[in-house]
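This report covers the surroundings of a bound ligand and two points of backbone geometry. Please look at the sequence and the structure before reading on.

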Amino acid sequence: MEKFVISGGKSLNGTVRISGAKNAAVAILPAVLLADSPCIIENIPNISDVTNILLAMKALGANIRTINKSTVEIDPRHVNSFVVSKQMAEGMRASSYFLGALLGRMKKARVAPPGGCNFGVRPIDQHIKGFEALGAKITFEGGLVEGYADELYGSSIYLDVVSVGATINIMLAAVKAKGLTVIENAAREPHIVDLANFLNSMGANIMGAGTNIIKIRGVDTLLGTTYSIIPDQIEAGTYMAAAVATGGNVLIDNVTPKHLESIIAKLRETGAEILEYDEAVRVIMNRRPKKCNVKTMPHPGFPTDMQPQIATVLALAEGTSIVTEGVWDSRFRYVDQLTLMGADIQVDGKMAVITGVQSLSGAPVKAVDLRAGAAMLIAGLATKGITEVEEIERIDRGYEDVVEKFSALGADIKRVYTPETNEILKQA
Ligand code: EPZ
């Protein structure tokens, strides 16, 4: 077991380079299965969610060659299996994308339901509705979701909820279907546009990605391509929030400022000065944060994946803020952990009332999910004293080189092996 030990209370200063977007990578990598020749994917984040996807692709029969830390060549020509087992899917929310990609490639798929972060029920009914509209028969056998079709045919699909996963999965299945598919009430996140750009660069015909109506005209063949994944909006937002919470001055490099608009707007309300450049933003904070209210919504609203991080900033703000979760049923599990550090937060259903305190105090806390873990890091960095963050494998799912990146900004943060790890290493 490992944990992070943070000796906080220092403002962050310097430059951090943002990695490729996790939620784009976990869609684009399975999409490679649709190609008839090898693809080179660049700017892949080196995180455990991506490693798990690549291992699953290898098990399906893909040939994977690492070119460098952030670039791989994937040859899907010999993929002959359509099964992603429970063991392969464990801990991987995006396993469901193999359903769309394998249905698109082989017209059959057998995939374990997704694991990953636990914040309430995570249904896939809209994905299934989409596959069925395209002509697939979906069944549940032995804990696996099975999809099968003789042929997939374009169709009109209206999503009852704006779902990132369903939009992506339907795109993956429809891209080689016969005829025109229209997804209405589609999600508009930057990673949806990135996936569409990738598929189009292989020869797909997708229009409207980034709006709430996406049109996909099926093609017979997709050819390998070289493609670079967009920067991670949420990793960038996390370092921005950390700069604000610690009263720092940080250049967040290799970002697309347009993807950060809602985060920039809210952090400005807390009193931060934010300068925007072509591919970077600078965050300067010279004061205690001011209160502000935040409601999470699908893109272009404020992202739910930044909710715990901004709540941590507001836990230190002057005044009382209200944070409303508009995407997930239950995404306030981190609040108990922040409370252990002295935060004053009352949760009522989908709303948290945060009464800012002057300072938190270091404590042992847990990363109860990926972004909750990011919030613990921010809290620890902003707090004098020692904060120990446990269950950090959840943070490693989505943040590349987090210790190295925060250390380069002047933070005192270490990855420490706990006695249990030493025991395991001794026995090995
Ligand atoms: C994606 O999850 C992200 N994961 C999540 O990020 C993110 O929180 C979420 O989108 C919302 O932005 C990946 O991209 C891998 P949804 P996804 O389908 O696709 C309901 C992170 O921290 N819904 O957009 O699973 C659902 O219950 C992760 O990086 C249905 O009702 O989310 C939720 O309330 C965590 N039926 C809402 O829609 C469905 O069939 C949005 O879910 C699907 C979803």
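How do the residues of the shell around the ligand divide into nonpolar, polar and charged?

## Ligand shell

The model is predicted. In the shell around the ligand, twelve residues are nonpolar, six are polar and seven are charged. There are 25 residues around the ligand, and those that come nearest are Ser-163, Val-164, Asp-305, Val-327 and Arg-371.

Shell residues come from both domain 1 (2-17 + 247-427) and domain 2 (22-228), so the ligand lies between these domains.

## Polar contacts and burial

Three residues place a polar atom close to an oxygen atom of the ligand, two through the side chain and one through the backbone. For Ser-163, a polar side-chain atom is 2.6 Å from a ligand oxygen. Ser-163 is also listed with the residues that come nearest to the ligand. Asn-23 likewise has a polar side-chain atom at 3.2 Å from an oxygen atom of the ligand. Gln-126 uses its backbone instead, with an N or O atom lying 2.7 Å from an oxygen atom of the ligand.

The ligand exposes 830 Å² when taken alone, and the protein buries 90% of that area.

## Pocket and contributing elements

Where does the ligand sit? Its site is the largest pocket. Four elements give two or more residues to the shell around the ligand: α1 (22-31), α5 (125-133), α6 (164-174) and α12 (370-382).

## Backbone geometry

Most peptide bonds are trans, and most residues other than glycine have a negative phi. Two places in the model depart from these patterns, one at a peptide bond and one at a phi angle.

The peptide bond that joins His-299 and Pro-300 is cis, with omega at about 10°. Pro-300 belongs to the loop between β18 (294-295) and α10 (307-315).

Asn-43 is not a glycine, yet its phi is positive, at about 60°. Asn-43 lies in the loop that runs between β3 (39-42) and α2 (48-60).

Key. Residues are numbered from 1 along each chain as its sequence is written. This is a predicted model: local features need pLDDT of at least 70, side-chain atom pairs count only at pLDDT 80 or more; totals for chains, interfaces and linings use all residues. Side-chain values use heavy atoms; hydrogens and water are left out. A residue is near a molecule or strand if one of its heavy atoms lies within 4 Å of it. A polar contact is a pair of N or O atoms within 3.5 Å; within protein, one must be able to donate a hydrogen and the other to accept it, and residues adjacent in sequence count only if both atoms are side-chain atoms. Accessible areas come from the Shrake-Rupley method with a 1.4 Å probe; for residues, only the protein chains shown count as cover. On a 1 Å grid over the protein atoms alone, a cavity is a set of points where a 1.4 Å probe fits but cannot get out, and a pocket is an open set with protein on both sides within 12 Å along at least five of seven lines; lining residues have an atom within 4 Å of a point. A molecule sits in a cavity or pocket if more than half of its atoms lie within 2 Å of its grid points. Ala, Val, Leu, Ile, Met, Phe, Trp, Tyr, Cys and Pro count as nonpolar, Asp, Glu, Lys and Arg as charged, and the others, Gly among them, as polar. Domain bounds come from an automatic or database domain assignment.
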